[in-house]
Amino acid sequence: MAINDLYEKSLDTDKIKIPLTKITLKEEEVEAVSEVIRSGWLIFGKNVKIFEENFARLIGVKHAIAVNSGSSGLLVALQALKVKRDDEVIVPDMSFISTGTACMYLGAKPVFVDINLKDYCIDVSKIEERINRKTRVLFPVHYWGHTAEMDKICELAQKYNLKVLEDAAEAHLSTYQGKQLAGSIGDLGIFSFTPSKPMTTGEGGMITTNDDKLAERCRKIINFGDYDKFDNRILGFNFRMQDINGALGRVQLKRLAQSINIRREIGSYYTKALSGIQGVICPVPRTETDTNYQIYPLRIDLDILRCSKEEFMQDMLDQGIHCRTYYPAFHKQGVFKELNIGNNYPNAELFEKSSFVLPIFPKLTASQKEHIVKSVKKIAERYIR
Ligand SMILES: Cc1ncc(COP(=O)(O)O)c(C=O)c1O
């Protein structure tokens with residue numbers, strides 16, 4: 001079986017002709033991983049080190065610390081920021097589940113803020129009312145690879161003496177206002193390299209920061225809190241990246257910029273082709289580079305179309321196109337039930353009810369893109385009220 005088919009196989013149903021995503025692995029990755037295996041040097045290896053150095057250089061930060069998943073990175077970053085029992089961490093009501101749960105491992109509470117319907121990231125106008133004396137961290141998510149309003153977030157952090165942790169899990173090479181890169185703006189940033197992301201190490205993640213002390217704390221936490229052999233001064237665990245994953249990352253990183261360029265071309269193609277269609281709403285980036293189109297979230301206007309998004313997605317599947325919800329709102333998830341978080345998150349609810357993501361990956365062919373656009377158009381026309 002071709003390497004590229006492995007991930008797709010796990011998604012395959014008889015109907016899917018165009019998968020949501022497809023990873024690109026080449027012989028160079030096979031060679032790099034094989035070399036690690038041949039060397040017998042599986043942890044604390046040179047590949048992780050090179051990957052970290054190159055990643056830091058690319059993002060424009062002083063330190064990059066590789067970890068075994070983006071979610072581990074979130075937990076480590078929050079611990080490095082000294083989040084503890086009964087502290088509060090402000091997060092948007094919609095993200096991947098570990099953004100919401102990470103602080104709970106430290107006994108802290110996630111406090112949710114609704115998203116805005118302009119860029120689908122945290123609604124910065126609603127953050128201040130959620131800040132109180134227990135708040136420690138503002139934790140924006142660069143959802144769909146699009147950077148949150150970092151100016152306002154950093155301004156609030158300064159005003160209330162809070163730390164900023166960027167969930168840049170999806171935002172490799174996304175800019176803020178066309179300039180700074182995601183993951184280089186807050187006190188700390190984290191990235192994910194799980195296979196759905198623009199580059200992959202299998203499982204894996206990276207923590208980024210310009211702060212020497214925070215970087216050192218993260219390094220200790222990912223390695224059992226070791227300061228020296230048998231000198232464990234702070235609580236830590238094994239969150240280290242293995243060298244096999246580091247080898248994948250080192251090679252994949254070389255193709256990241258090129259692959260993001262293609263994603264941006266596909267994103268612009270979709271928007272150009274779909275924005276005139278009645279009943280569908282395309283995402284609008286702040287600037288061309290403020291998203292990397294890690295995903296392409298399409299919304300349907302429920303006032304104009306007389307179908308649910310599930311029906312729309314089913315019709316897309318009947319055309320051989322895989323679409324998916326990305327993500328459900330947090331406040332309805334059972335894991336947060338006991339936190340008394342209320343249910344006043346109208347935008348996240350509407351977004352969940354009306355949005356799904358279209359396939360986007362560098363190997364999407366011209367005819368596949370055309371088929372996706374034609375299908376959206378045909379289905380929307382069928383459901384116009
Ligand atoms: C926004 C966001 N945060 C956190 C994560 C967690 O990353 P990982 O799957 O590498 O643990 C992901 C990805 O899955 C994500 O999309």
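A residue counts as exposed if 12 or fewer other C-beta atoms lie within 10 Å of its own, and as buried if 20 or more do. With that cut-off in hand, here are some views of this predicted model.

**View 1. The whole protein, with its 12 helices and 14 strands.** Start with the overall picture. The C-alpha atoms fill a box of roughly 70 × 55 × 35 Å along the principal axes. A compact globule of 385 residues would have a radius of gyration near 21 Å, and the protein agrees, with 21 Å. Of the 385 residues, 48% count as buried. Take the contacts between residues at least 6 apart in sequence: 69% of these join residues at least 24 apart.

**View 2. The ligand and the 14 residues that surround it.** The closest of the surrounding residues are Gly70, Ser71, Phe96, Ala169 and Ser192. Two helices to look for here are α4 (70-80) and α5 (97-101), each of which supplies at least two residues of the shell. Sorted by class, the shell has 9 polar, 3 nonpolar and 2 charged residues.

**View 3. Helix α3 against helix α8.** Two packed helices are described by the angle between their axes and the distance between the axes. For α3 (residues 46-59) and α8 (residues 243-254), the axes come within 8 Å and cross at roughly 35°. The crossing of α3 past α8 is left-handed. On the α3 side, the contact is made by Asn47, Val48, Ile50, Phe51, Asn54, Phe55 and Leu58. Their partners on α8 are Asp243, Gly246, Ala247, Gly249, Arg250 and Leu253. The residues of this contact divide into 7 nonpolar, 4 polar and 2 charged.

**View 4. Phe44, in the loop between α2 (27-39) and α3.** Most residues other than glycine have a negative phi, and most peptide bonds are trans. Phe44 has a positive phi, near 50°. Is Phe44 buried or exposed? Phe44 has 11 C-beta neighbours inside 10 Å, so it counts as exposed.

**View 5. The loop between α10 (309-318) and α11 (346-354), with Tyr327 and Asn340.** This loop offers two backbone details to inspect. The peptide bond from Tyr326 to Tyr327 is cis, with omega near 5°. Asn340 has a positive phi near 60°, and is a residue other than glycine. Asn340 counts as exposed because it has 7 C-beta neighbours inside 10 Å.

**View 6. Helix α11 and what covers its buried residues.** Which residues of α11 are buried? They are Ala348, Phe351, Glu352 and Ser354. The cover over the buried residues of α11 includes two strands, β13 (296-300) and β14 (355-358), together with helix α10.

**View 7. Arg217 in helix α7 (residues 212-221).** Why does Arg217 count as buried? Arg217 has 23 C-beta neighbours inside 10 Å, and the cut-off for a buried residue is 20 or more. For a distance to check in your viewer, try Arg217 and Gly236: these residues are 19 apart along the chain, and their C-alpha atoms are separated by 9.7 Å.

Note on methods:
Residues numbered from 1 in each chain as written. Predicted model: local features only at pLDDT ≥ 70, side-chain atom pairs only at ≥ 80, totals over all residues. Near = placed C-beta within 6 Å. Helix = DSSP H or I, 4+ residues; strand = E, 2+ residues; numbered from the N terminus. Nonpolar A, V, L, I, M, F, W, Y, C, P; charged D, E, K, R; others polar. Rg over C-alpha atoms; globule rule 2.2 N^0.38 Å. Contact = placed C-beta atoms within 7 Å. Axes fitted to C-alpha atoms, helices over the stretch in contact; angles between N-to-C directions. Left-handed = near helix turned anticlockwise from the far one by under 90°.
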